[in-house]
Amino acid sequence: MDGGRFEGILRSLGGGAASRRSVARGLAGIGLGALVAGRAGAGGDVEAAGDRCAKLGKACSKEKKCCNGLACRNGTCACTGGKTKCGARCRNLKTDPNNCGACGRACFEGEACVGGFCASSTGSEGDGRGQFAGPTGIAFDPVGTLFVTEVDLSKVEASLSGGFLEFGKPGSEEGQFSEPEGIAISGDGVFVADTGNHRIQRFDRIGTHELSWGTFGNGELQFKNPAAIAVDAVDGEGGTVYVADTGNN
């Protein structure tokens, strides 16, 4: 651009000498840099910035490098650093909460993406409602309620949308526990391995006691520190109860 034309632009933009100096400083900082970067080639066409390098998924070569740290692999620009192509961008599927474990798989609000899994924590240390001192067993019911057995506090806690429900307390009466460990869900039934009392107890999903069976011993329907439990449900109902009877092997 010749000096006369440049001075004319300054006059039209700035007016007086002081204004011209101000505008010139601005052009020197950004405008002239843009003019140099976009200088016309031999054919008179201005080369677009995006055409100087190849984007994700586009062809690359020795002459045309990949943009933004992408790697040229087998002639195509690819993600690096353990990232995966999701749409037009590279994502870390192990840490990205909007693409956790797979492209487009978003975690719920309040969850973090840890190792490709959506994770959250609940509760705190203590002996109150929603607190834990020795959580051991864990199970979900069909609607997603989390049930946890507390071996140190001898109770069961269930995480509901409005807070925590707890049932049971230390003791040997029906509905009470001694160091419960295993827990399983079948339909509306919550089955608990009442380890210290050497028995199995069944509750409904709001903690009402329904049934107990088993006594201390090594005979039929007797237990010695039963620890784990599972239910082979049929369509979510009934089924067979399996117990790992620790002390009796």
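Visitor: How many disulfides does a search of the whole structure find?

Guide: Seven disulfides turn up in that search. Keep in mind that what you are looking at is a predicted model.

Visitor: What makes Cys60 and Cys72 a disulfide?

Guide: Their sulfur atoms sit 1.9 Å apart. The cut-off for a disulfide is sulfur atoms within 2.5 Å, so the pair counts as one. The link of Cys60 and Cys72 is right-handed, with 90° about the S-S bond. Cys60 is in the loop between α2 (17-37) and β1 (71-73), while Cys72 belongs to strand β1, and the two are twelve residues apart.

Visitor: Why is Cys60 called buried?

Guide: Cys60 has a relative accessibility of 10%. Buried means under 20%, so Cys60 earns the word.

Visitor: And why is Cys72 called partly exposed?

Guide: Its value is 41% relative accessibility. Partly exposed covers the range between 20% and 50%, so that is where Cys72 belongs.

Visitor: How do you know that Cys86 and Cys103 form a disulfide?

Guide: Check the sulfur atoms again: they are 2.0 Å apart. With a limit of 2.5 Å, the pair therefore passes. The link of Cys86 and Cys103 is left-handed, at -75° about the S-S bond. Cys86 lies in strand β3 (residues 84-86) and Cys103 in the loop between β4 (89-91) and β5 (112-114), which puts them 17 residues apart.

Visitor: Are Cys86 and Cys103 buried or partly exposed, and what makes them so?

Guide: Cys86 has a relative accessible area of 12%, which is under 20%, so it is buried. Cys103 comes in at 42%, between the 20% and 50% marks, so it is partly exposed.

Visitor: What makes Cys107 and Cys118 a disulfide?

Guide: For Cys107 and Cys118, the sulfur atoms are 2.1 Å apart, and that is within 2.5 Å, so they count too. Their link is left-handed, with -85° about the S-S bond. Cys107 lies in the loop between β4 and β5 and Cys118 in strand β6 (residues 117-119), so the disulfide ties together parts that are eleven residues apart in sequence.

Visitor: Why is Cys107 called buried?

Guide: Cys107 has a relative accessible area of 14%, and buried means under 20%, so the label fits. Its partner Cys118 has 34%, between 20% and 50%, so Cys118 is partly exposed.

Visitor: Which residues line the largest pocket?

Guide: The lining includes Lys55, Leu56, Cys67, Asn68, Gly69, Leu70 and Cys79, with Thr80, Lys83, Ala88, Arg89 and Cys90 among the others. It divides into six nonpolar residues, three polar and three charged. About 160 Å³ of space lies in this pocket.

Visitor: How do you know where empty space is left?

Guide: Rolling a probe the size of a water molecule over the atoms shows it.

Visitor: What makes Gly137 buried?

Guide: Gly137 has 8% relative accessibility, and the cut-off is under 20%, so it counts as buried. You'll find Gly137 in strand β9 (residues 135-140). Beyond its neighbours within four places in sequence, Gly137 is in contact with Phe147, Val148, Thr149, Glu181 and Ile183.

Visitor: Why is Gln176 called buried?

Guide: Gln176 has a relative accessible area of 16%, and since buried means under 20%, Gln176 qualifies. It is found in the loop between β12 (163-167) and β13 (183-186). Leaving aside neighbours within four places in sequence, its contacts include Lys169, Asp194 and Arg199.

Visitor: Why is Asn249 called exposed?

Guide: Asn249 reaches a relative accessible area of 87%, and exposed means over 50%, so the word applies. Asn249 is found in the segment after β20 (237-245). Its phi is near 55°, a positive value in a residue other than glycine.

Visitor: What makes Asn225 partly exposed?

Guide: Asn225 has 31% relative accessibility, which falls between 20% and 50%, so it is partly exposed. Asn225 lies in the loop between β18 (222-223) and β19 (226-234). Its phi is near 60°, a positive value in a residue other than glycine.

Visitor: How many helices and strands does the protein come to?

Guide: Two helices and 20 strands. Of the 249 residues in the protein, 29% are buried.

Methods. Residues are numbered from 1 along each chain as its sequence is written. This is a predicted model: local features need pLDDT of at least 70, side-chain atom pairs count only at pLDDT 80 or more; totals for chains, interfaces and linings use all residues. Side-chain values use heavy atoms; hydrogens and water are left out. Helices (H or I, at least four residues) and strands (E, at least two) are DSSP runs, numbered from the N terminus. Buried means under 20% relative accessible area, exposed over 50%, partly exposed in between (1.4 Å probe, protein chains only). Contact means heavy atoms within 4.5 Å. On a 1 Å grid over the protein atoms alone, a cavity is a set of points where a 1.4 Å probe fits but cannot get out, and a pocket is an open set with protein on both sides within 12 Å along at least five of seven lines; lining residues have an atom within 4 Å of a point. Grid points are joined across faces, edges and corners, and a volume is the space filled by probe spheres set on the points. Ala, Val, Leu, Ile, Met, Phe, Trp, Tyr, Cys and Pro count as nonpolar, Asp, Glu, Lys and Arg as charged, and the others, Gly among them, as polar.
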